[in-house]
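Please look over the structure below with the following points in mind. They go through one helix and one strand in turn.

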Amino acid sequence: MSAVVSPYNVDPGIGARGGPAQPLISARGLLKHFPVKSSGFFGPKKVVRAVDGVDFDILKGETLGVVGESGCGKSTTARLLMNLIVRDKGSLLFDGETVGETLPLAQYRRQVQMVFQDSYASLNPRLTIEESIAFAPQVHGVPAAKAIARAHDLLFRVGLEPGRFAGRYPHELSGGQRQRVNIARALALEPRLIILDEAVSALDKSVEAQVLNLLLDLKRDFGLTYLFISHDLNVVKFMCDRVMVMYLGKVAEIGTRATIFGQARHPYSAALLASMPKMDPSERTMEPPLSGDPPNPIDPPSGCRFHTRCPFVEDVCSRTVPPLASLSADQSAACHMAVPGSGHSRAPNLGETVS
Amino acid sequence: MAVIAADTVAPVPVILKSPGFWRGVVRRLCRDPVALTALGVVVLLVLIAIFAPYIAPYDPSKGSVIRRLKPIGTPGYLLGTDELGRDMLSRLIYGARLSLTMGVIPVPIAFVIGSAIGIIAGYAGGIVNTLIMRTIDVFYAFPSVLLAVALSGALGSGLTNALVSLTVVFIPQIARVAESVTTQVRKLDYVDAARASGAPARTIIRVHILGNVLSPIFVFATSLVSVSMILASGLSFLGLGVRPPDAEWGLMLNTLRTAIYNNPFVAALPGLMIFVTSVCFNLFSDGLRTAMDVKS
């Protein structure tokens, strides 16, 4: 393979080929159902609809935030993007090229790397920090000495002095330091996209802020694109250019930060935002915006998945699945109330003539 | 993407190397008096076995009808004599050779084969795992004593056949432990990260799996040494292992059982040796388990 000759970005065109307007990632109809044990031998085969037809784009150079309750399919989406689990259906375009067809999986993997939530579990306890970072380049044919030297550069870039940290083992580092190492490892292959799966959620607030700033610096310096998964809406508001709200394996709403945080159209997004703790005591929320747990993804509700908990539920909501409708250039929502002529009483009227 | 600019490269004077994993294990082991004592006893037994001809006061197979079943403490025969008038001390010393051989040899062989099977099954997962592990379960269904006896019986008596059957008995047990540890490690994020980097399976197993699964399997295998000794003694007791007049603790226990009423203490001596050795192996493997736990 040509990777032996020049290990990094053999074809510098990957990721820059389609021009700046071409989304870096276009996911279309991503679907992953996990089979679960059915009761008894002859029971119907059941599946957990972890990710159930998800469409989204990640634009070049942006940070796309993904928010939603636990179990809504955020992490599964990330793992599908990484091809760590095989998608049942759907296609993945990386800069206009179909992953697995015109763009081989091995090349795609060098372009997309991931930082996991558990900083300890994501580092091999038996490898020193420098060995962990140098592993991936060595797999792609970089000589060991060069890979180690590069690992030291990266450690320096993430704010860890190589002289002190390179030879240490993961358990000798703090959580924040370990997460910096994980970021350095993700950078080692010079990827275009980094998926941050709750990457700062387990850190102290002060450390979290440092790591977030580090991520912003690295993004600027290396021209990275981030997919930022989090359940902390304040962090998402700080980090992200666009936000995708997921509910039970589907996209509820996707839009720019301003539209989602300013004028969310999906009642679930609105409820999620209302759950953010307020700084102003006079705006304290006394009523919980949503009650109960999300329904079981093995047996999701018919029609709109949110209808069991939605304050505006009507007949149409349990009958038909609302499509992810584009409301403006900046915002799309999957709610009958946002689609003209959907049959919901709060839906906007169909054109001017009807009114 | 620009390679990192030259001015950002930090000067790298000295890299502080952490002491390696095994160094830490040895250091922690040295602080454990029980494990150290057990290890000392095991080492002593091995030395006794190696230097048996120099230590043993008499020929272990030379008996005499006039001094049969002397009690412990008889002048000249410190631990008495057996039913054929052979010196017990000499026979116990020589017995250590065969008993330790039969206890120790099958375990490393089974360790290598069982680990390989278990790691492959655990890493592959899915249908491969099911096929391998269900086949293993067939062996697992038999009690290990029964399986060892059945295999030895089928192969015929003798030292080599006994070793082979003990190895076969231990492979499924080690494979099962290896499979469960590998399955756990495989789910960890660092394996996912390695897969995401595009590394082939054999590289991931070599770099990321092996180092993290071998020590728990190794600890389990150490504890099998005592089981192996007891099973080997059992085989000899049944006449499927070593044949008389060779000295082996299990066999000695068998031949002395007729003397249990006349001279119970002498008859119990080989059993005591088996007990002490297996307890020491177990204590050492417990200590090793604790010492290998990085978080403690």
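1. Is helix α9 of chain B, residues 189-196, mostly covered or mostly uncovered? In this model, which is predicted, helix α9 of chain B is mostly covered, since six of its eight residues are buried. The buried residues are Asp189(B), Tyr190(B), Val191(B), Ala193(B), Ala194(B) and Ala196(B).

2. The surroundings of α9(B) come from both chains. From chain A, the buried residues of α9(B) pack against α2 (105-111), β6 (112-115), α3 (129-139) and α6 (175-187), and from chain B they pack against α8 (159-186) and α10 (201-237). If you follow the chain onwards, you will find Gly198(B) just after α9(B), and this glycine takes a positive phi of about 90°.

3. A second element to examine is strand β3 of chain A, which covers residues 63-67. Five of the five residues of β3(A) are buried, so the strand is largely enclosed by the rest of the structure. Thr63(A), Gly65(A) and Val67(A) point one way from the strand, while Leu64(A) and Val66(A) point the other way, and all of these residues are buried.

4. What are the pairing partners of β3(A)? The strand pairs in the parallel sense with β8 of chain A (residues 225-229) over four bridges, and it also pairs in the parallel sense with β9 of chain A (residues 242-247), again over four bridges. Leu64(A) is a useful residue to locate when tracing these pairings, for its bridge partner in β8(A) is Leu227(A), whereas its bridge partner in β9(A) is Arg242(A).

Terms used:
Residues numbered from 1 in each chain as written. Chains lettered and ligands numbered in written order. Predicted model: local features only at pLDDT ≥ 70, side-chain atom pairs only at ≥ 80, totals over all residues. Buried ≥ 20, exposed ≤ 12 C-beta atoms within 10 Å, placed from the backbone. Helix = DSSP H or I, 4+ residues; strand = E, 2+ residues; numbered from the N terminus. Contact = placed C-beta atoms within 7 Å. Pairing = 2+ DSSP bridges.
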